[in-house]
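Work through the exercises below with the model open. Try each task before reading its solution.

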Amino acid sequence: MPRSYFIWDHNIFLSLIWDISYFHKMNILTEKDMEELKAELLCLLDRAERIAEQGTYENNKKVWIYLSNINFEASYSYMESKEFKLSFIRVYAVNSMDSLHPAICKFHKEWIQSLRRYSTMITESGEMQRFNFFRIQREYVNNL
């Protein structure tokens, strides 16, 4: 994709962290597993923060990241090219729904654009918000 937009809520890592913690308490994950997962999550956060600071992926494709004050219970994606438009919704990482129907895609695109307007851009701007967001996400990970 030549450009990407992401709208994250402030709890983007919490569900994953809760799942990891649950599996650890059930003795499915060992202490070594926990340390490896922590290290990988912290590496992911470092990479995401670098991308947010620079506004590009490593391949120089443009990316914009926004923070929403609304907590999302699902993942929403919209993809568009000259050939097609696709709306995709994943609820709790289990069930998903996608649509190529033009009316659904149009509605979904407008809804995501509306969310973006009411969110804070942290790519190449919003330095204080970006710093605080990534600091808090790292605290969540380190408290695993």
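**Exercise 1. Place glutamate 124 and judge its exposure.**

Solution. Glutamate 124 counts as partly exposed, because its relative accessibility is 49%. The classes are buried under 20% relative accessible area, exposed over 50%, and partly exposed in between (1.4 Å probe, protein chains only). Glutamate 124 sits in the loop between strand 6 and helix 4 (127–142). Helices (H or I, at least four residues) and strands (E, at least two) are DSSP runs, numbered from the N terminus. Next, check the backbone: glutamate 124 is not a glycine, yet its phi is positive, about 55 degrees.

A note on the source: this is a predicted model, where local features need pLDDT of at least 70, side-chain atom pairs count only at pLDDT 80 or more, and totals for chains, interfaces and linings use all residues. Residues are numbered from 1 along each chain as its sequence is written, and side-chain values use heavy atoms, with hydrogens and water left out.

**Exercise 2. Describe asparagine 27 in the same steps.**

Solution. Start with the location: asparagine 27 is in the loop between helix 1 (14–25) and helix 2 (31–54). Its relative accessibility is 70%, so asparagine 27 is exposed. Its phi is positive at about 65 degrees, although asparagine 27 is not a glycine.

**Exercise 3. In what order do the three strands of the open sheet lie?**

Solution. The order is 1-2-6, with mixed pairing. Two strands pair if DSSP finds at least two bridges between them. Strand 1 (3–9) and strand 6 (120–121) are the edges; each has a single partner strand, so one side of each lacks a neighbour in the sheet. Now take one pair. Strand 2 (residues 62–68) and strand 6 run antiparallel and are joined by two bridges. Leucine 67 has threonine 120 of strand 6 as its bridge partner.

**Exercise 4. Is serine 68 buried or exposed? List what it touches.**

Solution. Serine 68 belongs to strand 2. Its relative accessible area is 2%, so serine 68 is buried. Leaving out residues up to four places away in sequence, serine 68 touches Ile7, Trp8, Asp9, His10 and Ser119. Contact here means heavy atoms within 4.5 Å. A polar atom of the serine 68 side chain also lies 2.9 Å from the backbone nitrogen of isoleucine 70.

**Exercise 5. How many salt bridges does the structure hold, and what do some of them link?**

Solution. There are eight. A salt bridge is a side-chain nitrogen of Lys or Arg within 4 Å of a carboxyl oxygen of Asp or Glu.

- Arginine 47 and glutamate 58 form one at 2.9 Å, N to O. Arginine 47 is in helix 2 and glutamate 58 in the loop between helix 2 and strand 2, so the pair ties parts 11 residues apart in sequence. Arginine 47 is partly exposed at 37%; glutamate 58 is exposed at 53%.
- Glutamate 49 and arginine 138 form another, with the closest N and O atoms 2.6 Å apart. This pair links helix 2 to helix 4, across 89 residues. Glutamate 49 is buried at 14%, and arginine 138 is buried at 19%.
- Arginine 135 and glutamate 139 pair at 2.9 Å between the closest N and O atoms. They are four residues apart in helix 4, so about one helical turn separates them.

Finally, look for a network: Asp46, Glu49 and Arg138 are linked by salt bridges.

Note on methods: Polar contact = N/O pair within 3.5 Å; in protein donor to acceptor, adjacent residues only side chain to side chain.
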